[in-house]
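Let's go through this one by asking how we know what we say about it. Keep the structure open while you read.

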Amino acid sequence: MSKEVEKPLKEKIILGIDPGTTVMGYGLILTEGKKYKILQYGVIHLKKYETHELKLKKIFERITGIIEEFAPDSVALEAPFYGANVQSMLKLGRAQGVAMAAALSKEIPITEYSPKKVKQSVTGNGNASKEQVAAMLQTLLGITELPKLLDATDALAVALCHHFHEGRVQSRGRTAGWKAFLEENPNRIKK
C-alpha cells in the first residue's frame with residue numbers, strides 16, 4: 001500500500017477593497033486551505049481632502065503602505081455599481097483605478113467582484129444590506145464588535161468572496177469548474 005503524503009497548505013493573504021471617494025474600506029484576511037482569519041480591517045478617511053486629486057494621492061499612498069506592510073498575495077476589489085450620477089461614477093472609477101494601480105505597481109494580481117456577487121458569497125443573498133453582510137461576517141470571522149463605518153466590513157466581505165471563489169471557473173449551472181462545464185456542454189467538445 002502506498003501512503004499519500006499530505007502537502008502542507010500554503011498560507012495566502014488577501015486584501016479586499018471597497019472603493020470610495022469619501023471613505024474607502026480595506027480588509028485583510030489570512031487563508032490556509034479552507035480556513036481563514038482576519039489580519040486587519042479599517043477605513044481610509046478621504047472627506048478631509050479638498051480636491052479629488054489629493055484624495056487619489058492619499059488612496060495610492062495608503063494602499064501602497066498596506067501592501068508593503070502585509071505583502072498580500074492578491075487584491076480583490078468591489079466593482080462600482082452603476083448609479084444615475086455620472087460624475088460620482090467617474091470619481092469612484094478613478095478611486096478604484098488608483099487602488100488597482102497601487103497593487104499593479106507591486107505586481108499583485110487583481111480580481112473584481114460585483115456587489116451582488118460579494119453579498120451572495122457571504123450571505124447567500126445578492127440583495128443583502130450592509131448590516132446583513134456585517135452580521136454574517138461577525139459569525140464567519142468572529143468579529144466581536146462591528147466598526148462604526150461598514151465600509152470596513154464590506155472590504156472584508158470582498159476578501160472573503162475572493163477566497164471562496166479563488167481558482168474556480170464560474171458557470172451558470174449547479175456546479176463550477178471545467179469538468180462541470182464540459183459535462184453540462186458536451187456539444188462544445190471538439191473531437
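Q: Why is Q96 called buried?
A: In this predicted model, Q96 has a relative accessibility of 6%. Buried means under 20%, so with its 6% Q96 counts as buried.

Q: Where is Q96 found, and what does Q96 touch?
A: Q96 is found in helix α2. Leaving out residues up to four places away in sequence, Q96 touches P19, L77, E78, A79, P80 and E112.

Q: What makes the link between the side chains of Q96 and E112 a polar contact?
A: The two side chains are joined at 2.8 Å. The cut-off for a pair of N or O atoms is within 3.5 Å, so 2.8 Å fits and the pair counts as a polar contact.

Q: How do you know that α5 is mostly covered?
A: Just count: 14 of the 15 residues of α5 are buried. Each of those 14 residues falls under the 20% cut-off, because that is what buried means.

Q: What span is expected for α5, and what does the helix reach?
A: Helix α5 takes in residues 151-165, 15 residues in total. The expected span is 1.5 Å times one less than the number of residues, which comes to 21 Å for α5. From first C-alpha to last, the helix reaches 21 Å, so it is close to what is expected.

Q: What makes a group of residues a nonpolar core, and how many residues does the largest one have here?
A: The members have to be buried, nonpolar types such as Leu, Ile and Met, joined through side-chain atoms within 4.5 Å. The largest such core has 23 residues, and L15, I17, M24, I59 and I63 have the most contacts inside it. The elements giving two or more residues to this core are β1, β2, α1, β4 and α2, and α1 gives the most, with six residues.

Q: Which residues is I59 in contact with?
A: Setting aside neighbours within four places in sequence, I59 is in contact with G20, M24, L46, A95, V98 and A99. Apart from the largest core lies another, of 17 residues, including I14, Y113, L137 and C161.

Q: Why would nonpolar side chains gather like this?
A: In soluble globular proteins, nonpolar side chains tend to be buried together.

Q: How much of the whole protein counts as buried?
A: Of its 191 residues, 40% do.

Technical notes
Residues numbered from 1 in each chain as written. Predicted model: local features only at pLDDT ≥ 70, side-chain atom pairs only at ≥ 80, totals over all residues. Heavy atoms only, no water. Buried < 20%, exposed > 50% of the residue type's maximum accessible area, 1.4 Å probe, protein only. Helix = DSSP H or I, 4+ residues; strand = E, 2+ residues; numbered from the N terminus. Contact = heavy atoms within 4.5 Å. Polar contact = N/O pair within 3.5 Å; in protein donor to acceptor, adjacent residues only side chain to side chain.
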